[in-house]
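Work through the exercises below with the sequence and the 3D view at hand. Each task is followed by a solution in steps.

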Amino acid sequence: MTKIEFLQSLAKGWFGNSQQHSIQAEILKQRGFGKLADKIASESDEEWDEAKKVNARLIELGETPKVELVEYPVFTDVKEMLEYDCKDAAQALPEMSKALALFEDDYISKNMIEEFIVDEQDHFNWVKQHLSLIEEIGMENYLIEQLSD
């Protein structure tokens with residue numbers, strides 16, 4: 001994979017993931033789980049911003065970004081949603097880390113991807129923490145904790 005192809009795949013993934021999280025945040029909000037909805041909506045906004053940064057970088061590199069997105073599933077079950085996010089982040093982290101080698105001669109893109117890795121690791125840690133919490137206190141108690149104030 002070339003540098004450009006990797007950047008295009010990042011943008012495509014972030015745009016799709018942003019839409020997935022936006023829809024899931026709305027589902028959670030309408031079900032009354034405001035705390036969790038706010039967190040997922042924030043994640044959606046962050047992913048959208050990351051996709052925009054990648055597209056801006058592609059333009060700086062003389063490329064024309066593509067209008068594409070990866071299709072992601074939408075879940076109504078909270079635990080399934082978190083498990084999917086956990087699996088997705090667990091796959092993305094090593095892929096992004098491995099891709100850093102493509103950018104040894106491009107400090108700007110490399111730095112941007114390193115920032116994405118930190119953000120993805122933070123999200124992964126948050127999801128793992130919440131899955132552990134579900135295991136500890138049970139799904140019903142977890143959902144009570146996520147209700148709007």
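**Exercise 1: Fold content**

State which secondary structure elements the protein has and how they follow one another.

Solution. The model is predicted. The protein has 5 helices and 0 strands. Reading along the sequence gives the pattern α-α-α-α-α.

**Exercise 2: Overall dimensions**

Decide whether the radius of gyration of the protein agrees or disagrees with that of a compact globule.

Solution. Start with the chain length, which is 149 residues. A compact globule with that many residues would have a radius of gyration near 15 Å. The protein has 16 Å, so the value agrees. Along its principal axes, the C-alpha trace spans about 50 × 25 × 25 Å. As for burial, 42% of the 149 residues count as buried.

**Exercise 3: Two helices in contact**

Determine how helix 2 and helix 4 are oriented relative to each other, and which residues make the contact.

Solution. Helix 2 covers residues 34–60 and helix 4 covers residues 107–137. Their axes come within 11 Å and cross at roughly 165°. An angle over 145 degrees counts as roughly antiparallel, so helix 2 is roughly antiparallel to helix 4. The crossing is left-handed. Helix 2 contributes Leu-36, Lys-39, Ile-40, Glu-43, Glu-46, Glu-50, Lys-53, Val-54 and Arg-57 to the contact. From helix 4 come Ile-108, Ser-109, Met-112, Phe-116, Asp-119, His-123 and Trp-126. Sorted by class, the contact has 7 nonpolar, 2 polar and 7 charged residues.

**Exercise 4: Contacts along the sequence**

Among contacts between residues at least 6 apart in sequence, find what percentage join residues at least 24 apart.

Solution. Of such contacts in the protein, 79% join residues at least 24 apart.

How values were computed: Residues are numbered from 1 along each chain as its sequence is written. This is a predicted model: local features need pLDDT of at least 70, side-chain atom pairs count only at pLDDT 80 or more; totals for chains, interfaces and linings use all residues. Side-chain values use heavy atoms; hydrogens and water are left out. Axes are lines fitted to C-alpha atoms, for helices over the stretch in contact, and angles run from 0 to 180 degrees between N-to-C directions. Helices (H or I, at least four residues) and strands (E, at least two) are DSSP runs, numbered from the N terminus. Angles under 35 degrees count as roughly parallel, over 145 as roughly antiparallel, 65 to 115 as roughly perpendicular and the rest as oblique. A crossing is left-handed if the near helix is turned anticlockwise from the far one by less than a right angle, and right-handed if clockwise. Contact means heavy atoms within 4.5 Å. Ala, Val, Leu, Ile, Met, Phe, Trp, Tyr, Cys and Pro count as nonpolar, Asp, Glu, Lys and Arg as charged, and the others, Gly among them, as polar. The radius of gyration is taken over C-alpha atoms; the globule rule is 2.2 Å times the number of residues to the power 0.38. Buried means under 20% relative accessible area, exposed over 50%, partly exposed in between (1.4 Å probe, protein chains only).
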